[in-house]
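This report goes through a few parts of one protein model. Please look at the sequence and the structure first.

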Amino acid sequence: MAAEGTPTEEASSEDAGARPVTTGSESVVRALETAGVEHLFGVQGGAIMPVYDALYDSAMDHVTMAHEQGAAHAADAYGIVSGDPGVCLATSGPGATNLVTGLADASLDSDPMIALTGQVPTAMVGSDAFQEADTTGITSPVTKENYFASDADTVGDAVGEAFALADEGRQGPTLVDLPKDVTNGATDREPDEGKTPETYDPPERADEEAVETAADAIASAERPVILAGGGVIKAEACDDLRQFATEYGVPVVTTMPAVGAFPEDRDLAMEMAGMHGTGYANMAITHCDAMFAVGTRFDDRLTGGVETFAPEAEIVHADIDPAEISKNVHADYPLLGDAGTVIEQVHAALAEERDTDMAATGERWQEWREQCLMWKDEYPMDYAAPADAPLKPQFVVEAVDAATADDTIVTTGVGQHQMWAVQYWTYTEPRTWVSSHGLGTMGYGLPSAIGARFAADDDQSVVCFDGDGSFLMTLQELAVAVRENLDITVFVLNNEAVGMVRQWQDGFFEGRRMASEYPWVPDFETLAEAFGARGYTIDDEGEVEDVVSEALAHDGPSVVDAHIDPTENVYPMVPSGGANGEFVLAEDQL
């Protein structure tokens with residue numbers, strides 16, 4: 001796909017290497033090219049203009065977004081799907097501040113991303129110049145590291161280092177602020193190949209003695225579970241996880257960022273735990289006596305009340321970031337290291353006991369596995385759908401799942417629709433679930449679908465489940481999807497409300513629905529057509545199959561406005577701060 005605003009004949013990578021570096025901007029672009037960047041998402045502006053001018057002759061594909069927040073979310077999703085840092089650009093002042101939500105989102109979810117922001121000339125910094133903001137100061141709390149470029153000779157090195165740092169160890173967003181005099185400044189120096197600082201040395205292997213002790217604790221357990229966090233996917237450790245769990249027959253619970261790390265169609269899959277996790281996952285956590293937690297930060301939406309989380313379990317916690325060990329949940333056996341490497345280490349330690357204790361242990365755990373299967377039967381993920389009832393959102397999600405391949409990428413906004421999309425879709429592959437977890441950013445769905453589309457394989461489908469309230473926040477990015485002719489399908493689960501807020505108001509605020517009902521939302525089919533996309537409307541269950549089929553078959557962006565039951569709520573639910581094992585299945589149980 002040709003970059004917008006660039007010559008028809010793109011420069012080859014050989015041409016890029018032959019182009020001399022003469023300015024700081026060209027050094028920035030060269031650093032990105034050297035890092036292997038293919039796509040960038042951004043919005044042009046005054047202070048970043050020199051960098052955009054240098055992009056004119058680059059083979060990299062720049063995607064102009066409608067808003068800087070959309071650029072950040074697109075870059076974030078690109079990093080989730082590809083595993084490599086996504087790149088976003090914005091100008092100074094409001095351009096940079098519009099990236100902050102996306103940076104905070106990527107920071108909480110440990111997503112690899114680099115932001116490049118324009119800045120007023122160095123001599124004007126601190127003078128309250130036009131479109132000036134303290135970008136590094138503002139973004140410091142929500143980036144893994146940020147840089148203020150001070151010299152044209154070294155600006156490319158800073159970009160290369162920021163890119164490498166976003167990718168290494170615990171992934172996360174980085175930022176480089178680029179004063180206009182630095183990017184316009186003269187230099188003939190080629191930037192160094194990007195690498196992390198010498199002082200940055202994330203652990204790879206856990207201490208062997210600690211591994212042996214942790215393995216003994218797991219082997220001695222009667223009711224073990226594996227809790228897979230998003231770090232399993234970040235570390236490309238899903239195969240290690242699957243082999244470990246399958247070989248020893250250990251049930252697997254996932255956090256929401258880890259959805260897809262373990263195939264949900266297997267008996268050992270207890271699926272997602274937490275506030276809106278499955279009943280059987282929460283029962284497994286509540287009754288386990290040993291937990292092998294890998295790459296998770298034990299956030300409050302997973303744990304509920306920390307004092308009641310896995311109350312009978314000894315916790316083996318493997319993480320690459322020492323700051324996460326015992327931060328929220330005490331680790332009885334801390335293992336610092338890369339998720340895949342630590343899983344291999346524990347696997348090997350247990351394998352040493354295979355000829356004696358482990359063979360018997362695998363059989364001993366059979367009763368525990370059967371108990372977990374009984375919980376699946378006792379607390380199935382189902383919903384009431386009387387013949388005369390309005391369209392159920394769960395039915396729409398299941399219908400789209402049935403009509404698409406296993407490797408389809410699902411992106412979402414945030415709210416009830418997000419929960420239905422994770423609960424009623426069967427995820428079997430990593431990097432197919434793209435959502436906002438820690439920050440809970442409404443509006444994430446559509447721009448993330450754009451970023452995911454650029455990162456996905458050509459034969460992969462990309463669908464977005466959004467709510468009417470969430471879709472309204474970033475729907476301007478539909479213009480980008482149309483301009484680029486991106487094959488994405490958006491399903492708006494439209495209940496004319498900010499549904500999750502409305503559900504909480506009904507359950508905890510005596511039904512006082514202040515500012516949560518949206519009877520004024522537009523006709524999304526008509527709106528989609530106005531943008532140049534294909535629009536559809538679904539009013540009842542009988543229309544679902546045909547409309548889903550037609551929308552998915554459309555070669556280009558389409559929007560399906562599904563008018564769902566406005567009274568439908570998300571269950572199971574663990575009330576905020578409650579115990580995982582005390583989930584409720586209906587409002588009258590709150």
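Helix α2, residues 24–34, is largely enclosed by the rest of the structure, because 9 of its 11 residues are buried. Buried means under 20% relative accessible area, exposed means over 50%, and partly exposed lies in between, with a 1.4 Å probe and protein chains only. Helices are DSSP runs of H or I with at least four residues, strands are runs of E with at least two, and both are numbered from the N terminus. The buried residues of α2 are G24, S25, S27, V28, V29, R30, A31, L32 and E33. Just after α2, G36 takes a positive phi of about 90°.

The model is a predicted one: local features need pLDDT of at least 70, side-chain atom pairs count only at pLDDT 80 or more, and totals for chains, interfaces and linings use all residues. Residues are numbered from 1 along each chain as its sequence is written, and side-chain values use heavy atoms, with hydrogens and water left out.

Helix α20 and strand β4 are mostly covered too, as the table shows.

| Element | Residues | Buried residues |
|---|---|---|
| Helix α2 | residues 24–34 | 9 of 11 residues |
| Helix α20 | residues 445–455 | 11 of 11 residues |
| Strand β4 | residues 113–119 | 7 of 7 residues |

In α20, the buried residues include L446, I450 and F454, along with R453.

In a regular strand the side chains alternate between the two faces of the sheet. Both faces of β4 are covered: M113, A115, T117 and Q119 are buried on one side, and I114, L116 and G118 on the other. Two strands pair if DSSP finds at least two bridges between them. Strand β3 (residues 86–90) runs parallel to β4 and is joined to it by 5 bridges, with A90 opposite T117. Strand β6 (residues 173–179) also runs parallel to β4, through 7 bridges, and here L116 stands opposite V176.

Helix α6 (residues 100–108) contains D105. D105 is buried, with a relative accessible area of 0%. From D105 to D382 there are 277 residues in sequence and 31 Å in space, C-alpha to C-alpha.

A negative surface patch is formed by D207, E209, E212, D216 and E352. Patches are made of residues with over 30% relative accessible area and no salt bridge, with like charges joined within 9 Å. A salt bridge is a side-chain nitrogen of Lys or Arg within 4 Å of a carboxyl oxygen of Asp or Glu. D207 lies in the loop between α9 (180–184) and α10 (208–219).

Technical notes. Patch = residues over 30% accessible without salt bridge, like charges linked within 9 Å, V, L, I, M, F, W, Y side chains within 5 Å. Areas by Shrake-Rupley, 256 points an atom, 1.4 Å probe, with all protein chains shown as cover. Lys, Arg positive; Asp, Glu negative; His and termini not counted. Charge placed at Lys NZ, Arg CZ, Asp CG, Glu CD.
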